[in-house]
Amino acid sequence: MPTPYHRPSHLIDLRSDTVTRPTKAMRRAMASAEVGDDVLGDDPTVHLLQHRVAELMGTQAALFVPSGSMANQLAIRSLCQSGDEIICHKDNHIIHYETGAPASLSGVMIQPVDGPRGQWTADQLPELIRADNAHHPRSRLVVLENTHNRGGGSVWDIDKVAAIAKAARGANLHMHLDGARLWNACIASGRKPSEYAKHFDTISCCFSKGLGAPVGSALCGSHQVITLAHRFRKMFGGAMRQSGVLAAAALHALDHHYDRLETDHAHAKVLCTGLSELTGITLALPVATNMVFVDVSPALGTASDFAARLKALGVLTLPSGPQRLRLVTHLDVTRDDIDSTISAFGRITARHQPGIRRAAEPKAASRRTAAQRSR
Ligand SMILES: *Cc1c(COP(=O)(O)O)cnc(C)c1O
């Protein structure tokens with residue numbers, strides 16, 4: 001018997017933590033923001049945000065930019081020369097999701113490193129660094145990603161970061177942190193952003209993911225590197241005028257949405273437990289923060305087929321491999337939404353494997369109750 005399923009009255013969007021919509025309170029903060037022309041340097045709210053973020057990271061300066069990709073690319077452009085080489089994990093965002101920008105905008109190469117869940121260790125570094133002679137690209141920059149997106153939202157252990165930073169500095173390399181989800185890493189590890197940031201020359205961070213702002217990221221670092229990045233921001237077309245309206249949303253997000261990231265992590269754990277009980281669904285990566293990656297058995301079709309069936313039941317997910325689905329929890333996902341999602345998965349797995357019983361019927365019953373309550 002298929003599990004009864006109560007379609008939620010709204011779409012449950014688990015494709016990404018970027019899908020959040022600004023809350024009423026955030027919109028009020030935006031509407032009442034004091035603004036000026038930031039290209040001329042006189043938007044007070046942008047200044048406020050930049051100070052606040054620099055303080056959080058323990059850096060001399062910060063620069064507000066339109067996107068995380070731009071923050072990363074400004075770091076690369078500011079720290080590297082054309083012909084240089086970056087060392088980073090083969091699954092990093094800058095390799096897969098920034099449209100080849102390191103090559104296009106900065107003329108640099110990337111040497112990809114392997115390791116579990118987007119991470120690697122300091123003892124891998126020596127053999128990745130090029131000998132200093134006229135044949136080779138110049139090893140210039142190490143980029144780490146925390147949390148690691150394709151690594152399942154994995155959190156870097158601070159001692160591993162410190163060890164890589166020490167080895168990199170010893171070899172005259174710069175360090176950049178792609179911290180689009182650094183906030184999640186901090187909530188999960190109990191570390192302050194500055195504890196991670198101190199190991200890097202530049203740090204990017206994002207306000208439009210888990211923190212729920214509509215737009216915006218920041219690049220943090222020394223006065224010297226941020227002065228350079230400020231120039232390249234203009235060159236890349238990222239200098240904005242009355243951007244205080246957006247900075248106000250980011251400030252509101254830092255004030256009101258930082259601590260609650262814990263809830264997203266708890267929701268991801270519930271989701272992971274519920275989904276792994278279903279026949280044909282296996283957890284692809286350990287859940288560390290707000291991301292859940294599951295593999296769908298080929299008996300249930302491809303990940304895209306499965307995502308289409310989920311969509312018909314009101315649940316949006318992101319296929320991220322032939323059999324892999326990504327689900328990300330965020331500000332706009334409630335505990336009831338999590339229960340409804342598990343029950344939507346259960347309905348599909350039961351329907352498409354009529355001969356196979358679901359693993360945990362008693363739990364399914366309690367989830368049904370929760371889903372009914374949510375209506
Ligand atoms: C989302 C993300 C970025 C930046 O993405 P934008 O869409 O350009 O803001 C950078 N790095 C990682 C790891 C991300 O997940």
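A residue counts as buried when its relative accessible area is under 20%, as exposed when over 50%, and as partly exposed in between. The structure discussed here is a predicted model.

Under that criterion aspartate 339, with a relative accessible area of 5%, is buried. Its salt-bridge partner is arginine 335, and the closest N and O atoms of the two are 3.1 Å apart. Arginine 335 is partly exposed, at 41% relative accessibility. Both residues belong to helix 13 (residues 335–352), where a spacing of four residues separates them by about one helical turn. Salt bridges that share partners also link Lys90, Asp91, Asp114 and Arg150 into one network.

Within that network, lysine 90 and aspartate 114 meet through their side chains in a salt bridge of 3.8 Å, N to O. Aspartate 114 occupies the loop between strand 4 (109–113) and strand 5 (138–145), while lysine 90 occupies the loop between strand 3 (84–89) and helix 4 (93–96), so the pair ties together parts that are 24 residues apart in sequence. Aspartate 114 is partly exposed, with a relative accessible area of 46%, and lysine 90 is likewise partly exposed, at 34%.

The whole structure contains 16 salt bridges. One of them joins aspartate 38 and arginine 233, with the closest N and O atoms 3.5 Å apart. Because aspartate 38 lies in the loop between helix 1 (24–31) and helix 2 (44–57) and arginine 233 in helix 9 (residues 223–235), this pair ties together parts that are 195 residues apart in sequence. Aspartate 38 is buried, at 7% relative accessibility, and arginine 233 is buried too, at 2%.

Another acidic residue, aspartate 13, is found in strand 1 (residues 12–13). Aspartate 13 is buried, with a relative accessible area of 15%. Its side chain makes a polar contact of 2.6 Å with that of arginine 15. Leaving aside residues up to four places away in sequence, aspartate 13 touches Val19, Leu316, His330 and Val333.

The ligand is surrounded by a shell of residues that includes Ser69, Asp178 and Arg181. By class, the shell comprises one nonpolar, six polar and five charged residues. Helix 3 (residues 68–79) supplies the largest share of the shell, three residues. A polar side-chain atom of serine 69 lies 2.6 Å from an oxygen atom of the ligand, and one of arginine 181 lies 2.9 Å from a ligand oxygen. In aspartate 178, a side-chain N or O atom is 2.7 Å from a nitrogen atom of the ligand. On its own the ligand has 380 Å² of accessible area, of which the protein covers 82%.

Conventions:
Residues are numbered from 1 along each chain as its sequence is written. This is a predicted model: local features need pLDDT of at least 70, side-chain atom pairs count only at pLDDT 80 or more; totals for chains, interfaces and linings use all residues. Side-chain values use heavy atoms; hydrogens and water are left out. A residue is near a molecule or strand if one of its heavy atoms lies within 4 Å of it. A polar contact is a pair of N or O atoms within 3.5 Å; within protein, one must be able to donate a hydrogen and the other to accept it, and residues adjacent in sequence count only if both atoms are side-chain atoms. Accessible areas come from the Shrake-Rupley method with a 1.4 Å probe; for residues, only the protein chains shown count as cover. Helices (H or I, at least four residues) and strands (E, at least two) are DSSP runs, numbered from the N terminus. Ala, Val, Leu, Ile, Met, Phe, Trp, Tyr, Cys and Pro count as nonpolar, Asp, Glu, Lys and Arg as charged, and the others, Gly among them, as polar. Buried means under 20% relative accessible area, exposed over 50%, partly exposed in between (1.4 Å probe, protein chains only). Contact means heavy atoms within 4.5 Å. A salt bridge is a side-chain nitrogen of Lys or Arg within 4 Å of a carboxyl oxygen of Asp or Glu.
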